[in-house]
Amino acid sequence: MPADDNSAVVIKKYANRRLYDTSASRYVTLDHLRELVKANRDFQVIDAKTGEDLTRSVLAQIIFEEESKGANLLPVEFLRQLISFYGDSMQAFVPDYLRMSMETLCRQQDELRKQMTSAMGGAGAMPMLEEHAKRNMALFEQAMKMFTPFPAESGTGEETPAGSDDRGEVESLRAELEAMRAKIDKLAGDR
């Protein structure tokens, strides 16, 4: 009997790594779980023998498989920074920050899609896209300052802005933005 849309689907994971969807009474694959996520269906993966919640590790496995297929949604530098937070005093703040960032991205998703569609249709939409990118970068920089609120001091008595090593990253992001602009301009010119 299918589960109602408001209840979490229970997926049992067996020792042989097989996944069993209790709501559909059938074995499923990670692709099925990925589709549940895309359909905004809540599910919980539990170890069939111990009852341990395995949801987090299975979700991470889905991400790993998508990345290995070439999706490359998570930049290497982001992964390195994320790993560096494990065991750090800021570790407790990272999940809430990431959750907040993803919620903001989801809220802006429709607006961004509309802007990208407009940008592909002509160069007149570029200022709108640039403004959106600048707003997002400002929000991101402001949020990152929460993690490094105190500037480091140099030996000269002058203060060095927190994240001064990040200037190269900002320049890299600007270069990527310029490359994206060039691609969009080329696509608009090909029409």
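How many salt bridges does the count come to? In this predicted model, the count comes to six salt bridges, and several of the residues involved belong to a network that links Asp31, Arg34, Glu35, Glu66 and Lys69. The points below begin with the chain as a whole, then turn to two helices and their salt bridges, and end with a lysine that has no such partner.

**The chain as a whole**

- The chain contains six helices and six strands, and, read from the N terminus on, its elements follow the order β-β-β-α-β-α-α-α-α-β-β-α.
- The chain has 191 residues, of which 19% count as buried.
- Among the contacts in the chain with a separation of 6 or more, 47% are accounted for by residues that stand 24 or more positions apart.

**Helix α2 and what surrounds it**

- Helix α2 covers residues 55-68, which makes 14 residues, and from its first C-alpha to its last it reaches 20 Å, close to the 20 Å expected at 1.5 Å a residue.
- Thr55, Val58, Ile62 and Glu67 are buried in α2, and the buried residues of this helix pack against β1, against α1 (30-38) and against β4 (43-47).
- Just after α2 comes Gly70, which takes a positive phi of about 100°.

**How α1 and α2 meet**

- The two helices α1 and α2 pack at an angle of about 100°, and their axes are 10 Å apart.
- Angles of 65 to 115 degrees count as roughly perpendicular, and α1 and α2 are therefore described as roughly perpendicular to each other.
- On the α1 side the contact is made by Leu30, Leu33, Arg34 and Val37, while on the α2 side it is made by Val58, Leu59, Gln61, Ile62, Glu65 and Glu66.

**The network of salt bridges**

- Side chains of opposite charge can pair when their charged atoms come close.
- Within helix α1, the side chains of Asp31 and Arg34 meet in a salt bridge, with a distance of 3.7 Å from N to O, and these two residues are three residues apart, about one turn of the helix.
- An α-helix has 3.6 residues a turn, so residues three or four places apart point the same way.
- Asp31 counts as partly exposed because its relative accessibility is 37%.
- Arg34 also forms a salt bridge with Glu66, where the closest N and O atoms are 3.1 Å apart.
- This pair links distant parts of the chain, since Arg34 lies in helix α1 and Glu66 in helix α2, 32 residues apart.
- Glu66 forms a salt bridge with Lys69 as well, and here the closest N and O atoms are 3.7 Å apart.
- With a relative accessibility of 24%, Glu66 counts as partly exposed, whereas Lys69, at 54%, counts as exposed.

**A buried lysine without a salt bridge**

- Lys13 lies in strand β1, which covers residues 9-13.
- Lys13 is buried yet has no salt bridge, and the nearest side chain of opposite charge, that of Asp47, is 7.7 Å away.
- A salt bridge requires a side-chain nitrogen within 4 Å of a carboxyl oxygen, so the 7.7 Å between Lys13 and Asp47 does not meet the rule.
- When neighbours within four places in sequence are left aside, the residues in contact with Lys13 are Arg18, Leu19, Val45, Ile46, Asp47, Ala48, Leu54, Val58 and Gln61.
- One of these contacts, Val58, is also among the buried residues of α2.

Key
Residues numbered from 1 in each chain as written. Predicted model: local features only at pLDDT ≥ 70, side-chain atom pairs only at ≥ 80, totals over all residues. Heavy atoms only, no water. Helix = DSSP H or I, 4+ residues; strand = E, 2+ residues; numbered from the N terminus. Buried < 20%, exposed > 50% of the residue type's maximum accessible area, 1.4 Å probe, protein only. Lys, Arg positive; Asp, Glu negative; His and termini not counted. Contact = heavy atoms within 4.5 Å. Expected span 1.5 Å × (residues − 1). Axes fitted to C-alpha atoms, helices over the stretch in contact; angles between N-to-C directions. Parallel < 35°, antiparallel > 145°, perpendicular 65-115°, else oblique.
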